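Student: I should like to examine how the terms used for a structure follow from their definitions. May we begin with the model itself?

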Amino acid sequence: MSRSRIPKARMTLPSVKAMRVSWGGALGALLVLLICIAPQVLAVTNPIPRVAGGAAAGGDERAEGYNALIDDLVVARGWLEMRATGGGYAVVESPLAPRDPVWQRFKRESYLFGDLRAPERWRVSDYRFQRDGRETIEIVGIDPSAHQVAGPFNAPDSWRGGLLYRPGTARVVGLTRRVSETGAGPARERPMRFRPNGRDGTLELFGETPATADAAWRYRFRATKAGCVGEVASVMRIGTDLRGDALVRLRAHPECRLAVRIGGRLQTADGVAYAWLRAGETLTFEAAGPGGAMLRDAYDYGGANEAISPAPVPGARRTRAWGLDAFSRGVETLVAGRPGLGDIETTLDARLQDAAETVLGPPGRLLNAAGLPARASITLMDANTGEVLAIASRPQRPPDASIFTRAGMDDRNHNFTAQPVGSVAKAPITMAILQAHPELAGLKLTAMGDFKGVVGVEAPFRDTVSGDLDMVSFLARSSNRYAVGLMLLALSDAPSVPDPALVDGSDCYAIGVTRLCRPPVIETMRPIGPRGPDGYRLEGRAGPPLTWGVTMTDLFGVLTEFEAGGATSSANLWPGLAETPKQGAGWIFLEEGNLGLNDLVDLHRDYLMSVLGGNRTRWSSIKVAEMVSRMVTRRPVNARLTQPDRLPPPAARTVAHPAEWDLVLQGMEAVTGHDPAVRGTAARLRPSLPPGDYRIFAKTGTPTLEIGVAPSPARAAAVRLAERQCGLTWDPDSRRITAPTTMRPVCADIAGQAGSRAALDAALRAMSPAYRSRIDRDLLARPHAVTDLTLEAASAVGVGHGIALVIGRYPSAVAAAKAVPGVPPNRALAIVINLESHDGEAPATDMAGALLASPVVRAWLAQDASAP
């Protein structure tokens, strides 16, 4: 929609003149002024509860300007909702919306006029309900980056720079128009990318307007100024590799006064002709203009430093690279209000980003167990420096999204999202345990498939491994029984000392040469009752942090204790740009889970599942890449997205127990089939490894996913009531969540979706134990507002697949040695893939193999460390 409908004003509040009204319209202006101050008025007459601190606060700033007005005046009161139509979804008024003229005028004359016609600009809940016989979705907010304005009628005071890939990562992406052969100013326009299966792009030769940078699979050229009618040439890229040539189709018109040159060679066509356009060549169009002046347009085909989001052309919408749309919008929101800030160079490598996007495939190719587009993420990181090189993600909003789709609802870049990682968690957790308890490096036990107990403790879990295991074979084969036994022993300050108060059982294990048949002394966790047939049953634990948890935080910077509850965001990603998340830009900061080792209500669910990659073990792909980079390089690297090639790699840390550190790396190397005697879970990677002095360390995982389970209406309503701050409270005496009897209208409308008050109360009772297990104990000691509930799936409906690996190039002698390298590699690449899908035997491993076989990845690995 054109912004000519929106009155332009220099001040935050529109004046009568700015509203273009006469005396007769002054009343209308006054009503709009009332709208602008409505949040303050309504805060007194009908306040919306706010939460100070606690799990929901998260440290984020409040929305500002127009976005805050929409959140407070419209969203929080449920005036708008998303409803299914015959052709998609539409934003409509709910039964709670007012019918007064002030609201009607605000809808017509503010940015809301356009927003109501753009469903992709709104954030929605995951839950559905029926209204008037149509599927309806609750709106929970407007996209914070939709406008970035200070008021509902103001021009945006936005950042006007470009978001750039790292320097020196030129790609053969297509055509780059030369603005001028000589003279001042930039000599080249931004590139026009080729994208398979995209739309055609039409370019007007010798025009004043720069060509579009939107991706297309073919570019068509017209030259009406040269007397031509219709298309005179088209260019289509051939092949998928980064050095693919292009095919030029030439079409002669008798009325055209046009010459076409490729690399300086004049092309002729009698009707239709074809010619090759090679990388590095220039496609030139020449024609005689008015008065005998020569018209010339030249397009270079070859490398160009393409912007992720180039500086916007005045009067035009900002364009963003396909696949990085959500990421770009997050950065734009982060720096909104800083118009003087120039271009931002990121660490992203354009060539590696393209390679990751190609491997991940088009949106919708991967489906989860519910048949919906599966979340998927690929992170590539320089393991020596922490520089993030690529962040491919699915699902995302397609470039031509015109209707509201699930991809539009879930368009975040999931490399920043905390997700279950499965058995990938075994590698860093084992590393932390062995640094805290080095004697456990000698643990040996027998795997037997599904089991009910281990090391003398009752612990029923599934396993796919059988046979005698040591530390290396455990990691290579990913045994769950060994992992659970390791976690149980790590509860003790002296894991190799059996508890004298207990009796031996038949389930024996060994630590070094010592054979043991009972659990060790665990000071803060006592057995419940006598020994059962599968071992002792241990009670929950709450108290001081575990030794290995402290080590885990020190080594990897992960959260292991509940403090204020909820997830946090990393502050290391944007050095020189931002230290803390900003409202609306939270999705470009790392979302992190919390192991909560100081509050283990249920030993199995809250503790043992952590090493199996479930429940609390949720990390973003970027965070996992940072962790495995620290393990292989021994450098305390921090993931970052700015200042490429400006910060030296951190010095390698001094490891407290180097032999135990190397043992974990030996197991990760065995995962990839390095030891023929131990077939690791990623042995199929070996044929994909590049020739040369490389060594590779990996860990795979198959996370259990709680997806596709439709929640009951009552549980869905409970979650929405918490999100809307509708007065749910925690009662520490009854240890339950309760709902108020009287609610404001939007909350009463949500509660009505539960079916009945009894159903809502029953759902809150059922959800209370899970809430207690993940929220800080200090918060639970007193009554407080409950603003963050999660749905616990009744059963797992599918599994995903993931892999985390580091491939390093070492000096020849180190690469050929049998021992694990004790020095950082000369060049190292971390690859982390997390899929909400398990289509095939090992889809994430196969994707990693495709990346390792990619010429782009191999070229990066072959570069010197100082090369871009």
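**Sheet, helix and a buried loop residue**

Tutor: An open sheet of three strands has mixed pairing and the order E16-E5-E17. Its edge strands are E16 (307–309) and E17 (344–345), each pairing on one side only. Strands (E, at least two residues) and helices (H or I, at least four) are DSSP runs, numbered from the N terminus. This is a predicted model, in which local features need pLDDT of at least 70, side-chain atom pairs count only at pLDDT 80 or more, and totals for chains, interfaces and linings use all residues. Residues are numbered from 1 along each chain as its sequence is written, and side-chain values use heavy atoms, with hydrogens and water left out.

Student: What makes E5 and E17 a pair?

Tutor: Two strands pair if DSSP finds at least two bridges between them. Strand E5 (residues 163–164) and E17 have two bridges, in the parallel sense, so the definition is met.

Student: Why is Asn594 called buried?

Tutor: Buried means under 20% relative accessible area, exposed over 50%, partly exposed in between (1.4 Å probe, protein chains only). Asn594 has 11%, and is therefore buried. Asn594 sits in the loop between strand E29 (591–592) and strand E30 (599–600).

Student: How do you know that Asn594 makes a polar contact with Glu561?

Tutor: A polar contact is a pair of N or O atoms within 3.5 Å; within protein, one must be able to donate a hydrogen and the other to accept it, and residues adjacent in sequence count only if both atoms are side-chain atoms. The side chain of Asn594 reaches the backbone oxygen of Glu561 at 2.8 Å, so the distance criterion is satisfied.
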